[in-house]
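Open the model in your viewer and keep the selection panel at hand. The tour goes from one pair of strands outward, then back to the whole chain.

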Amino acid sequence: MKLEVVRPGFAATVQDLGRPGLAAMGVGRSGAADRGSLRLANRLVGNPETHAALEVTLGGLVLRTTGLTMVAVTGADCPITVGRRAYGPNAPFVMRAGEELALGTASVGLRCYVAVRGGIDVPPVLGSRATDTLGKLGPPPLSAGMPLPIGHSVAGFPAVDLAPRPDSAVEPVLRVTPGPRVDWFAPDALSSLVSTVYTVTPDSDRIGIRLTAPPLPRTRHDELPSEACVPGSLQVPPSGTPILFHADHPTTGGYPVIAVVSEEDLDIAAQLRPGQRLRFRLVS
């Protein structure tokens, strides 16, 4: 049994929980940008949380199934229809052979996740089925006519028919801890970071979320040798405005990192839309 991509939408990829532990080889973790939404989608259809699903940016995806299939959609709030039937997010539903699932444009959030019972069974690369857009690993982004085989491994039959989730904050606050190069900045730079309202720019992607705001003042302007970076690193290029490294970030970077966003808040960052505002809050 398989799914067929009728219309891929924008920047749709196959994702699971990624390739942790390979940074020493220059391979980033990658995987779902909103890992909590991926895990929930898998649980709703009775899959292990590690199964591969589809990550879709702003909706627009249309899929056709060749057999009876259980599906769940989580993450960004977008219209969900199968034929003339409408469904809500965060709840499993059934598609019959030949039916088409269509995702409309998301009204809140950026990325939605489509899980199918059994998981998307494309060949793994280095132990993961995730598409790494920077490292060019894993399956290619979705395209019209692309077949997506469905696996057979499941964790049990779903135990719930709805998993309510809180509404997303209009202006979210991301928790940060001081970074390894905070001493490269003016003494008040960290205070400026947490007192400034930042705006997400349109040139953000799975590699990094670019922000606009007054530049953070630096006291050192010499070259920094490339050093290891982790998801959530707030790297500050010469422009002075930070870039939040996300799912497909490089494993090393040559600009100073003033702070690091909490791992638990990266799912929130994954749903930030261009033009949306956000703040940072310093935690110990």
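**Stop one: a central strand and its partners**

Select V71 and V116: V116, in β10, is the bridge partner of V71. Keep in mind that this is a predicted model, where local features need pLDDT of at least 70, side-chain atom pairs count only at pLDDT 80 or more, and totals for chains, interfaces and linings use all residues. Residues are numbered from 1 along each chain as its sequence is written, and side-chain values use heavy atoms, with hydrogens and water left out.

Now extend the selection to strand β5, residues 69-77. β5 and β10 run antiparallel and share six bridges. Strands here are DSSP runs of E, at least two residues long; helices are runs of H or I, at least four residues; both are numbered from the N terminus. Two strands pair if DSSP finds at least two bridges between them.

Next, add strand β3, residues 53-57. β3 also pairs with β10 in the antiparallel sense, over four bridges. Pick T57 to find one contact point: its bridge partner in β10 is R111.

Which residues make up β10, and how many of them are buried? Select 108-116: eight of the nine residues are buried. Buried means under 20% relative accessible area, exposed over 50%, partly exposed in between (1.4 Å probe, protein chains only).

**Stop two: a strand with two faces**

Move to β9, residues 100-103. Colour L101 and L103: they form the covered face. E100 and A102 form the uncovered one. In a regular strand the side chains alternate between the two faces of the sheet.

β9 has antiparallel partners too. Select β4, residues 62-65, joined to β9 by three bridges; V62 is matched with A102. Then select β6, residues 80-82, again with three bridges to β9. There, V82 has L101 as its bridge partner.

**Stop three: the whole chain**

Zoom out. The protein chain holds three helices and 20 strands. Its C-alpha atoms fill a box of roughly 65 × 40 × 30 Å along the principal axes. Of the 284 residues, 50% count as buried.

Finally, show contacts (heavy atoms within 4.5 Å). Among those between residues at least 6 apart in sequence, 76% join residues at least 24 apart.
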